[in-house]
Amino acid sequence: MTDVIVLGAGVVGLTSAVRLLEAGARVTVTTADEPSATVSALAAAVWYPTHTEGGPRVLERARRTYDELSVQASGGVPGVVPRPTRMLLRGPAATPWWAAAVPDFTAVPGEWRFTVPSVEMEVYLRWLADRVTALGGTIVTRRIARLADLAGEAPVLVNATGLGARTLADDPAVHPARGQIVVVANPGLVTSVRDEDHPEGMTYIHPRSGDVVLGGTFQPDYWDTTPDPATGAAILRRCVGLVPELAGAAVLRHAAGLRPARHGGARIEVDPVPLPGGTRVVHNYGHGGAGITLAWGYADEVADLVGRITRPA
Ligand SMILES: Cc1cc2nc3c(=O)[nH]c(=O)nc-3n(C[C@H](O)[C@H](O)[C@H](O)COP(=O)(O)OP(=O)(O)OC[C@H]3O[C@@H](n4cnc5c(N)ncnc54)[C@H](O)[C@@H]3O)c2cc1C
């Protein structure tokens, strides 16, 4: 017997499943793709609210995720480390709204400096999937055509399908924001560098244990996941310009992925219309370029929403 089906095994689905299992629910995760084949697996992935609206609710979710990932880093969860970061500024800049979630945020002339959790997603998604099964959950590989295909299989369905929600939830506000990256061997870097306003395009350099993720692009409504060679060359050029130690670093791979963006921001709410048979749907999708940055905060919110359905006051 399943209390909750979580549809989706990217970072949003798996963190939601972990929180629901910790709250005592019996959970089945259903996913079209292995976690390693999701957009989440491709992410850079550092805590940083890129292209995300601010506001108290998002700040709270971002702060919760920052705190959770920091605790996980201290506890030795694989793939999670605190990463010193330099954000280069091209002109005067007001303190960003998200600085309130970052304990060591400092502004110095020409840049912001701060430490944020950085996550190696292949390793971390494996850890999350293992955590789901260790807590008694099940992960099933199955692609569904409509949410109603799962009607009646559990009292609650959490829709964490990212870009898939465009059709599954019939939500035209969901759209891709393509991101292209280049992964190179790490010449010994430990500090992340970002230049969001680089005149030739957003630029970031995120060192990991054995490689460095270089980016990037943010291309709304581009659906093509084939890496473009000219874009890859331009990313390399910009990154070497900012961090000359990268010159000559071996290129390990080029990749592109589609961030699940949504006009109006992420959708986290109980659908007012139940599926046939009464299954209630809790949506958790549309996190755009900040899915890792917000995942644990929204997983807490999903667990609250599901609790209100299954244990009404
Ligand atoms: C290049 C790049 C860099 C990024 N860097 C960062 C970063 O530094 N920090 C950050 O916070 N975020 C970053 N992101 C964004 C981040 O990757 C996303 O916000 C996040 O991965 C979204 O997670 P998700 O679980 O919602 O979606 P996904 O990972 O796409 O997972 C969706 C899940 O739904 C399932 N699904 C979809 N349709 C169906 C269906 N019909 N039937 C069954 N299952 C279905 C899929 O199989 C999958 O399991 C980056 C993204 C890219 C592309």
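This is a short tour of a predicted model, stop by stop, with a selection to make at each one.

**Stop 1: the annotated domain**

Select residues 3–305. UniProt lists this range, in an unreviewed entry, as "domain: FAD dependent oxidoreductase". Colour the range by secondary structure. The chain here is 27% helix and 29% strand. Now pick the C-alpha atoms at the two ends of the range. They are 14 Å apart.

**Stop 2: strand β2 and its neighbour**

Select β2, residues 27–31. Is this strand mostly covered or mostly open? It is mostly covered, with five of its five residues buried. Show the side chains and look along the strand. V27, V29 and T31 point one way. T28 and T30 point the other way. Residues on both sides are buried.

Add β1, residues 4–7. β1 and β2 run parallel and pair over four bridges. To find the register, select V4, whose bridge partner in β2 is V27.

**Stop 3: strand β15, with a strand on each of two pairings**

Move to β15, residues 280–285. Five of its six residues are buried, so the strand is largely enclosed by the rest of the structure.

Which strands pair with β15? Take β7 to begin with, residues 156–159. β7 and β15 run parallel and are joined by four bridges. Then select β14, residues 267–270. β14 pairs with β15 over four bridges too, but in the antiparallel sense.

Now centre on V282 in β15. V158 stands opposite V282. V270 also has V282 as its bridge partner. Show V158, V282 and V270 together to see both pairings at one residue.

**Stop 4: D271 and H283**

Step into the loop between β14 and β15 and select D271. Its relative accessible area is 16%. The cut-off for buried is under 20%, so D271 counts as buried.

What does the side chain of D271 contact? Show H283. The two side chains are joined by a polar contact of 2.7 Å.

**Stop 5: the loop after β15**

Select A290, in the loop between β15 and α7. A290 is buried, at 0% relative accessibility. For a sense of scale, draw a distance from its C-alpha atom to that of R142. The separation is 26 Å, with the two positions 148 residues apart along the chain.

**Stop 6: the second largest pocket**

Rolling a probe the size of a water molecule over the atoms shows where empty space is left. Select H51, R262, G265, A266 and G286. Of the 19 residues that line the second largest pocket, these lie nearest its centre. The pocket holds about 290 Å³ of space.

Which elements give two or more residues to the lining? They are α3 (56–74), β13 (251–262) and α7 (291–310). Colour the lining by class. You should find ten polar, six nonpolar and three charged residues.

**Stop 7: cis peptides and positive phi**

Most residues other than glycine have a negative phi, and most peptide bonds are trans. The next four selections depart from that pattern.

- Select A44 and A45. The peptide bond between them is cis, with omega near -10°. A45 is in the loop between α2 (39–42) and α3.
- Select G215 and G216. Their peptide bond is cis, with omega about 5°. G216 sits in the loop between β11 (211–215) and β12 (219–220).
- Select D170. Its phi is positive, near 50°. D170 lies in the loop between α5 (165–168) and β8, and it is exposed, with a relative accessible area of 65%.
- Select D221. Its phi is also positive, about 65°. D221 is in the loop between β12 and α6 (229–242). Here the relative accessible area is 47%, and the residue is partly exposed.

**Stop 8: A185 in strand β8**

Finish on β8, residues 174–185, and select A185. Buried or partly exposed? A185 is partly exposed, with a relative accessible area of 26%. Add L246. These two residues are 61 residues apart along the chain, and their C-alpha atoms are separated by 8.8 Å.

Key. Residues are numbered from 1 along each chain as its sequence is written. This is a predicted model: local features need pLDDT of at least 70, side-chain atom pairs count only at pLDDT 80 or more; totals for chains, interfaces and linings use all residues. Side-chain values use heavy atoms; hydrogens and water are left out. UniProt positions are given in the numbering used here, feature names are shortened, and annotations may be inferred rather than shown by experiment. Buried means under 20% relative accessible area, exposed over 50%, partly exposed in between (1.4 Å probe, protein chains only). Two strands pair if DSSP finds at least two bridges between them. On a 1 Å grid over the protein atoms alone, a cavity is a set of points where a 1.4 Å probe fits but cannot get out, and a pocket is an open set with protein on both sides within 12 Å along at least five of seven lines; lining residues have an atom within 4 Å of a point. Grid points are joined across faces, edges and corners, and a volume is the space filled by probe spheres set on the points. Ala, Val, Leu, Ile, Met, Phe, Trp, Tyr, Cys and Pro count as nonpolar, Asp, Glu, Lys and Arg as charged, and the others, Gly among them, as polar. A polar contact is a pair of N or O atoms within 3.5 Å; within protein, one must be able to donate a hydrogen and the other to accept it, and residues adjacent in sequence count only if both atoms are side-chain atoms.
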